[in-house]
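Colleague: I'm still new to reading models like this one. Could you pick one charged pair, walk me through it closely, and then show me how it compares with others of its kind?

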Amino acid sequence: MSLPKIILDTDKTVPIYELPLKIRQGDTGDELQVTLGKSFEKYTDLSTVDIELIAKTPDERLIKQPVTDKSGNTFKVKFPDEMYTNVGVFRNMYFKIGDDSTSSVKLVVLQGIGSIKEAGSYIDDFETLIKEGQSYVLALKDFADTGNSTIDRKVAELTGKMTDFVDKSKEDLDAAKAAWNKFQSSSQTAFTDAQGKRTSDFNSQKAGFETDFGKQKADFENRFKALLKTLQGDYDSFKALINKDVEDLNTSLDGLDSRATGIENRYDALKVPEIGTRNLVLDSSFESGKSHGLILSKEYDGSPKPFGTYMAKISGEKVTDYSKSWTLDNPIELKAGKTYTFSYYYSTAGSAGGQASDYVFSGETPLTGAFMEHSRHVTSDSTKWERWTSTVKISEDFAITRFRFGFVALNDGYGWKTVDNVQIQEGNIVTDWTPAPEDVQTSITNALDKANYSTTANVDSKVATGVGQAKTYAEQSIKDIIGSAPENMDTIEELADTISKNQTTVDAIDESITKKADKTDVTALQNTVKTMITSISQDDYDALVSAGTVDPKILYVIPDA
C-alpha cells in the first residue's frame, strides 16, 4: 500500500497529523518517508543522528525500531511486521530525533469490509474524532489567548459551535456503544445456535454420504475395471499395428539402403582415383636377409610359404602380448596433406587368436589407422596369406622410423604370426606388391658381386635375367597407371590427362627404366665381367690356393673341372 510523504515538526501542541496513514492487516513492508520541518533546523545531516520509531499499538503494546535509511533532513522507515497484527488505530506514534521528538502521527490498520472487528474500529474512529475535536477546541483557545482581539468574537463563536459539536458527538458515541454491545451479544448467541445446528446437520449428512459413497465406490470399481480391460485390448491392438508399421518401415529402409549402396557404387566408379605409386619401403620382402630387429624364416610347417626367400615370424607359447619391431635404416617421410596407402600380408595360427599388435611409429608416436593396431585380425586358414590394407590422409609431416608386428596369445599353447611383402604407397589406390626401385637395382648389383660363374655364357644369362626383372618392373608400373584408370576412360585424351596429373610417377618410372634397362650400361657391364674371367688349370689354381695368392676380384675358370 502506497503511503504519502509527510513533514513533521517538534511542536507537540499541534493536533495529530491531519492526513491519517493507512495500512492493512496481513500486509508487510510499507515504507514511510518523513521530512523534518523548520523546527528541526539544527539537524541538517541526519546520517549522524540517532532516529527511532516509537508507537503504541491499539492493544497498548509498545513498539520501538531504529531508523537506518537517513540523509539530509529526510529519512525512510519500513513498518515492522507486528504493526500489521491487530486492526485498530495507533493514536500515539512519533519519532525520536536525537534529544528531541516529532509531533504525533495517526496510523489506521484496516481489515476486510463487513467484519465485526471493522465495525468496532469505526467506533474507535468516532472516539478519535471527538478527541481531535477537543484538541481543536484547545488549539482555538490557545489561539484566542494570543491577544489578537480582532478575531476574538469569531473565535468565541467557533469555540461555542465546536463545544456543542463535541457534546453532541459524545451523546452519539454513547448511543453507538450501547447499540454495538447489544449487537455483539445477539450476534454471539445467534452464532452459537447456528453452529450447533450446522454440526447436527453435518453429522446427519455424513452418515447418508458414507452409505451412498459405499454404493458408488463399488459401482465405480466395476466400471473402472471394465474400462481398463477395454483399454488393454485397444492398446494391444494398437501395439500390434505399430509393430507391423515398424516392420514395413524397416523393409522399406532396407530397400532404400540397397538402392543407396548401388548409387554409391556407381558414383565411386565415376570418380577418377589417385594413381598408385612406387613402394616406399626398402627391403620390404626381407630378401636382403637382414632381420632389421625381426626374426626371419624361410618356411614353417603349417604356414604359407614366403613370397620370396624370407618372411618375418613372431611366436610364443604363453598368454601374453608378443611383438617385434623393425627399425628402418632410413626414415620414410610422409608429407602433410597427402594420402598414403599401407598394406602387408599376414597369417596366424595356434594361440595367436587375440588382438593384433601392429603399429607404425615415429619414435614412440604411433600413426593411427595405418596398421592393424589392436584390432582382432586372424586368418581362418594358417596356410594362406591374407592382406591388410588401409588408407590414411596425413595431417602433419610424419617420419616413420619403425614398424611393429605381433599378437596377443589367448592361451598357453604355441602360436605364431608371419608377415611378408610390406608396402607403403602415395595415393589412395592399393596395387599389387612391387619392390622399391632401389631394391631392384641392389638385387642386380648383389647378384653380380657375389657370382662365381665358370663361363661367360652364365654371366650373360644372369645379366639377361636382371634386365628381364627391370623390364617386368617397368611393365608392371605402366600397367598400374593404366589399370588404375576408371573403366569409362576410353579416349587417348583422357588417358593423357590422367598421366599428366601423375607426372611425378611417370618420371620415376622413366628414370627406373633408364637405370635398369639401358643397353649401353648392360653392354659395359658384360665387358667388365668378361675382363674379370681367367682360364686356369686345376694344378695352377691349387698352387695359388696353397700360396695364398688367390685374387678375390678375378673369376678363375677351370675348363676340365
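**A close look at one salt bridge**

Modeller: Sure, let's start with Glu364 and Arg402, whose side chains meet in a salt bridge, 3.2 Å from N to O. Glu364 sits in the loop between strand 16 (359-362) and strand 17 (365-366), while Arg402 belongs to strand 19 (residues 398-408), so this pair ties together parts that are 38 residues apart in sequence. Keep in mind that we're looking at a predicted model.

Now, is each partner buried or exposed? Glu364 has a relative accessible area of 66%, so it is exposed. Arg402 comes out at 15%, and because buried means under 20%, Arg402 counts as buried. So this bridge has an exposed acid at one end and a buried arginine at the other.

Let's put that next to two pairs in helix 2. Asp201 and Lys197 form a salt bridge at 3.0 Å, N to O. Both lie in helix 2, four residues apart, which is about one turn of the helix. Asp201 is partly exposed, at 33% relative accessible area, and Lys197 is exposed, at 54%.

The second pair is Asp248 and Lys244, with 2.9 Å from N to O. Again you'll find both residues in helix 2, four places apart, or about one turn. Asp248 is partly exposed at 34%, and Lys244 is partly exposed too, at 43%.

How many salt bridges turn up in the whole structure? The search finds 11. Some link up into a network: Asp59, Arg61 and Glu82 are joined that way.

Right between Asp59 and Arg61 in the numbering is Glu60, and that one has a quirk of its own. Its phi is positive, about 70°, although Glu60 is not a glycine. Why is that worth a second look? Most residues other than glycine have a negative phi. Glu60 is in the loop between strand 4 (51-56) and strand 5 (62-66), and at 58% relative accessibility it counts as exposed. Asn421 also has a positive phi, near 50°, but its setting is another story: Asn421 lies in strand 20 (residues 415-426) and is buried, at 4% relative accessibility.

Back to helix 2, which spans residues 152-270, for some charges without a salt bridge. Asp164, Asp167, Glu171 and Asp174 gather there on the surface as a patch of negative charge, with Asp174 placed in helix 2. Asp174 is exposed, with 51% relative accessible area; the cut-off is over 50%, so it passes. Helix 2 also holds Leu227, one member of a nonpolar surface patch that it makes with Phe220, Phe224, Leu228 and Leu231. Together these five have about 480 Å² of accessible area, and Leu227 counts as partly exposed at 46%.

And the bigger picture around our first pair? The chain has eight helices and 22 strands. Of its 561 residues, 32% count as buried, and Arg402 is one of the buried ones. Among contacts between residues at least 6 apart in sequence, 74% join residues at least 24 apart. Our Glu364 and Arg402 pair, 38 residues apart, gives you a nice example of parts being tied together across the sequence.

Definitions and conventions
Residues are numbered from 1 along each chain as its sequence is written. This is a predicted model: local features need pLDDT of at least 70, side-chain atom pairs count only at pLDDT 80 or more; totals for chains, interfaces and linings use all residues. Side-chain values use heavy atoms; hydrogens and water are left out. Helices (H or I, at least four residues) and strands (E, at least two) are DSSP runs, numbered from the N terminus. Buried means under 20% relative accessible area, exposed over 50%, partly exposed in between (1.4 Å probe, protein chains only). Contact means heavy atoms within 4.5 Å. Patches are made of residues with over 30% relative accessible area and no salt bridge: like charges are joined within 9 Å, nonpolar side chains (Val, Leu, Ile, Met, Phe, Trp, Tyr) within 5 Å. Accessible areas come from the Shrake-Rupley method with a 1.4 Å probe; for residues, only the protein chains shown count as cover. A salt bridge is a side-chain nitrogen of Lys or Arg within 4 Å of a carboxyl oxygen of Asp or Glu. Lys and Arg count as positive and Asp and Glu as negative; His and the chain ends are not counted. The place of a charge is taken as NZ of Lys, CZ of Arg, CG of Asp or CD of Glu.
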